[in-house]
Amino acid sequence: MADTLRRLTNTSSFSVLQDKLESWHKDYNVSSCDQNLNRCCELIELTAKIQGQLFAILNLTAAEGGHYAGVDTLKTRLLPWLGTCFLMARSSVTDDTSLQLIQDSVEKDRRIRELSASHEKDMQKMETQLCSTRSQLDSVRTELVDAQKELDETKSKSATTLLATEDEILQLKADLRSAHEQEEIYKKKLDALDDNEHQIRLLRDEVSYLNTEKAMLQERLVRSRSPSPLPRISRSSSPMRSESPTRAQLTNSSRHARLVSRFSDLYAVERLEAQTLLRRYIVDLEMVQKIIFIAVVESFKTAKLAYRQFKLRVRKTLSPSHFGPESLEDAAVDYIVRNLDLYDVQDSVNGVVNAMNVNPRISFPPEVDFVLISTLIRESCRVAFAMQTLDPPLDLAFASDGELYNDNKYCRSYDSEFTAPLVMYHVWPALVEGNAVIVKGEAVTRRGALWSRSQSRSRSASPARSRSLSPTRSLAFNSKRSLSPERLTASRL
């Protein structure tokens, strides 16, 4: 017995039990349920071992005391304690209840095993899914890395392409600037070429004029050296002074052809441009065509008046010092041909605009002015002024609304009634030389032209269709029309 007690003391079982109990107490909240149950079962096993050793010591001690030694102690302490323990267990659980509890325990164990098995299966499935998800995530990461690399490559290529495109744009802009510069250079060269051609034409005219004079002078020289008295008589007579042709007479045919061509260009170019400008403000095409026709007619009237006044000034200037083979009239015309740039075309333009402002046949919106078509008026005045220097001069044919249509003088417009005999209104005047028509005009023919003309006259008499001049315009217009030829001096040349 003493040896058994000594071994129990040396093993320090209770110290180990106390240490494990304290360690379990510290880790209870951290450990899982299984770990806590394992700890508890371990302590119960350890306690059972200690109790077994104590019961062995109790048995040895009772054996050493004999049959009757320690009986009282066993009766008073051990047996009541054992009875109390068995009675407590017996009083709370019956046989049926114990069997039921055993069955419940077995059932719970079975359910626990099933739940554990299902839990294990679920865990395996989740682990499988987790592995597949991880593999998919890895593949997505790989694709993302590849896409990032492709994006970086695309960015670098785009940057390179953008730089190349910018370089190309800069190069194209530079080429465009150089092309514009070359175009300007070519235009300057073309203008210079036109000037040279103009100078060449002038020089050719001068050469032909000088050659003619040379021929006539040689003829006079031959006649003067001849012994016949007839040449001397003809040389001393006054009619010989007009045998030498002037520059105007030498260039009459070429100027005639050029001016006729320029008149056709007025119809084809300047007329259409003026019509386009007027259509922005006037919807009625008939009114637009009437305005253009009246502008051309008034331009020719004003230019002819300006030519007569300019010619009077030239005659007054040349008459005191004139001498030569040609007459004073021919010398004046020759001077005008040589100095057409002295013609004050702007004064004629102003006169045409003033005349159109008081014309009762046309109306115009008050927001704009007839100066809008000043380009057509200016070019028409220049052509008309130059046509007065021809021999015979060119002029416009007389035209009036409602007149009988003449195929020799006009062409019908596209919107005309081709069976109508009367002219409704004129689109473009005809150019004549004496009684011969050089360039046909254009007219609109419709039935009932006389009735329409009377209606338009009655409408034009109303204030709404007439256009009155402002005080400043009327003053300027009257002052320009009141100039008499006697007031023109040589200082205005």
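**Salt bridges, burial and an open sheet**

Student: What makes K187 partly exposed?
Tutor: Its relative accessible area is 42%. Buried needs under 20%, and exposed needs over 50%. The value 42% falls in between, so K187 is partly exposed. Keep in mind that this is a predicted model.

Student: How do you know that E183 and K187 form a salt bridge?
Tutor: The closest N and O atoms are 3.7 Å apart. The cut-off is a Lys or Arg side-chain nitrogen within 4 Å of an Asp or Glu carboxyl oxygen. At 3.7 Å the pair passes, so it is a salt bridge.

Student: Why are E183 and K187 separated by about one helical turn?
Tutor: They sit in helix α5, residues 95–225, and are 4 residues apart there. That spacing puts about one helical turn between them.

Student: Is E183 called buried, partly exposed or exposed, and at what relative accessibility?
Tutor: E183 comes to 35%. That is neither under 20% nor over 50%, so E183 counts as partly exposed.

Student: What makes the pair K290 and E286 a salt bridge?
Tutor: Their side chains meet at 3.3 Å, N to O. The limit is 4 Å, so the pair qualifies. K290 and E286 are 4 residues apart in helix α9, which means about one helical turn separates them.

Student: Why is K290 called buried?
Tutor: Its relative accessible area is 12%. Buried means under 20%, so K290 qualifies. Its partner E286 has 22% relative accessibility, so E286 counts as partly exposed.

Student: How do you know that K304 forms a salt bridge with D395?
Tutor: The closest N and O atoms are 2.7 Å apart. That is within 4 Å, so the rule is met.

Student: What does the pair K304 and D395 tie together?
Tutor: K304 lies in helix α9, and D395 lies in strand β1, residues 395–396. The pair therefore ties together parts that are 91 residues apart in sequence. D395 has a relative accessible area of 24%, so it is partly exposed.

Student: How many salt bridges does the rule give?
Tutor: The count comes to 13. R262, E270, E379 and R382 are linked in a network of them.

Student: What makes E379 buried?
Tutor: Its relative accessible area is 18%. The cut-off is under 20%, so E379 is buried. E379 is found in helix α12, residues 374–387. Beyond its neighbours within four places in sequence, E379 is in contact with R262, L266 and E270.

Student: What makes β2 and β3 edge strands of the open sheet?
Tutor: The sheet has 3 strands in the order β2-β6-β3, with mixed pairing. β2 (410–412) and β3 (423–428) each have a single partner strand, so one side of each is left without a neighbour in the sheet. The twist averages 35 degrees from one strand to the next.

Student: How do you know that β2 and β6 pair?
Tutor: There are 3 bridges joining β2 to β6, residues 441–445. Pairing takes at least two bridges, so β2 and β6 pair. The two run parallel. Y410 stands opposite G441 in β6.

Student: Which way do β3 and β6 pair, parallel or antiparallel?
Tutor: Antiparallel, over 4 bridges. Again the threshold is at least two bridges, so the pairing holds. Y425 stands opposite V444 in β6.

Student: What makes β3 mostly covered?
Tutor: 6 of its 6 residues are buried. Two helices lie across β3 and β6: α8, residues 252–279, and α9, residues 285–318. Helix α8 runs at about 95 degrees to β3. Helix α9 runs at about 60 degrees to β3.

Student: Which residues form the nonpolar surface patch?
Tutor: F55, L58 and W81, with about 300 Å² of accessible area together. W81 lies in helix α4, residues 71–92. A patch residue needs over 30% relative accessible area. W81 has 48%, so it clears that limit. At 48%, W81 is partly exposed.

Student: What is the picture for the protein chain?
Tutor: The secondary structure comes to 14 helices and 6 strands. Buried residues make up 27% of the 493 residues. The chain exposes about 32,900 Å², and carbon and sulfur atoms supply 57% of it.

Key. Residues numbered from 1 in each chain as written. Predicted model: local features only at pLDDT ≥ 70, side-chain atom pairs only at ≥ 80, totals over all residues. Heavy atoms only, no water. Patch = residues over 30% accessible without salt bridge, like charges linked within 9 Å, V, L, I, M, F, W, Y side chains within 5 Å. Areas by Shrake-Rupley, 256 points an atom, 1.4 Å probe, with all protein chains shown as cover. Buried < 20%, exposed > 50% of the residue type's maximum accessible area, 1.4 Å probe, protein only. Axes fitted to C-alpha atoms, helices over the stretch in contact; angles between N-to-C directions. Contact = heavy atoms within 4.5 Å.
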